[in-house]
Amino acid sequence: MSGLLMGSTRAYYGVHAGDWAELRRTYYSDAVSDAILARARPGRLLDVGCGPGFLLTKALADPRFPRVTGVDFSNSMLTLLRARHENGHKLDLRLADARKLPFRDAHFDSAVSDMVLHHLAEPWNGLAEMARVTAPGGRVVLSDLRPHAHEFFREDLADAWLGFDEGELRRWMAEAGLANAQVEDVASLRATVVNGQLKHADVRVFVASADRL
Ligand SMILES: C[S@@+](CC[C@H](N)C(=O)[O-])C[C@H]1O[C@@H](n2cnc3c(N)ncnc32)[C@H](O)[C@@H]1O
């Protein structure tokens, strides 16, 4: 990701850390994080771009995941999350970049990511990192958007990609050493509020999952 683009994404989430909870609710439903967790393998779970922790909070309450690690490059997001999960004995939070995860190879049973890939200028690098830290037999699962034409997502939401072509995503997954890819629509992002203004959007949200070879 270019330094400029990465800086603006981090700045966006720095500013919106406090109200992202409310913003997210207006964008898409909990069905997305539920679908991700349902497809993850039980065991050690990594959440890349965990933000204020919608998915991560559910994972912490789920006995299938005895150890949950969250990574985000926004300190403001992690500060919120730490305050919410004080004394969380099964939680490990790290300030780090999705492009260079601070974990050894094959450390997790699942690496998941909820609406983060479109922020990466080189999403294939983020996918390769998720695959690298996932153990053979484990699973990579992520949500993102189908291709759309809402240009205002770039400036107003700090998105680098206006959704993803399924064929391209499948190719990146295969190149990262992932097999048996499934890409399923699970929800729609219906509207978005930018600076108090409702701007229309209607984009399908998919969950992609694949096995680490
Ligand atoms: C759309 S929010 C999603 C947050 C959370 N996954 C959720 O479902 O609510 C995107 C998150 O990805 C983080 N992020 C974006 N680019 C990142 C990168 N290169 N490395 C780490 N985190 C990143 C942002 O700071 C933000 O918290």
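**The ligand and its cavity**

Me: In this predicted model, which residues come nearest the ligand?
Reply: Tyr13, Gly49, Asp72, Ala98 and Asp114 come nearest, out of 21 residues around the ligand.

Me: What makes these 21 residues count as being around the ligand?
Reply: The cut-off is 4 Å, between a heavy atom of the residue and the molecule. The 21 residues around the ligand are counted by that rule.

Me: Why is the pair formed by Gly49 and the ligand called a polar contact?
Reply: A polar backbone atom of Gly49 is 2.8 Å from a nitrogen atom of the ligand. The limit for a pair of N or O atoms is 3.5 Å, so this pair qualifies.

Me: How do you know that Asp97 and Asp114 make such contacts with the ligand?
Reply: Set both against 3.5 Å. An N or O atom in the side chain of Asp97 is 3.2 Å from a ligand nitrogen. For Asp114, a backbone N or O atom lies 2.9 Å from a ligand nitrogen. Both values are within the limit, so both pairs are polar contacts.

Me: How much of the ligand does the protein cover?
Reply: The ligand on its own has 600 Å² of accessible area, and the protein covers 99% of that.

Me: Why is the ligand's space called a cavity?
Reply: The space taken by the ligand is the largest cavity. With the protein atoms alone, a 1.4 Å probe fits in a cavity but cannot get out, so the term applies here. The volume of this cavity is about 380 Å³.

Me: Which residues lie nearest the centre of the largest cavity?
Reply: Of 30 lining residues, Gly49, Cys50, Gly51, Asp72 and Val116 do.

Me: Which element gives the most to this lining?
Reply: H1 does, with 3 residues. Helix H1 spans 3–16 and also gives two or more residues to the shell around the ligand, as does helix H2 (20–27).

Key: Residues are numbered from 1 along each chain as its sequence is written. This is a predicted model: local features need pLDDT of at least 70, side-chain atom pairs count only at pLDDT 80 or more; totals for chains, interfaces and linings use all residues. Side-chain values use heavy atoms; hydrogens and water are left out. A polar contact is a pair of N or O atoms within 3.5 Å; within protein, one must be able to donate a hydrogen and the other to accept it, and residues adjacent in sequence count only if both atoms are side-chain atoms. Accessible areas come from the Shrake-Rupley method with a 1.4 Å probe; for residues, only the protein chains shown count as cover. On a 1 Å grid over the protein atoms alone, a cavity is a set of points where a 1.4 Å probe fits but cannot get out, and a pocket is an open set with protein on both sides within 12 Å along at least five of seven lines; lining residues have an atom within 4 Å of a point. A molecule sits in a cavity or pocket if more than half of its atoms lie within 2 Å of its grid points. Helices (H or I, at least four residues) and strands (E, at least two) are DSSP runs, numbered from the N terminus. Grid points are joined across faces, edges and corners, and a volume is the space filled by probe spheres set on the points.
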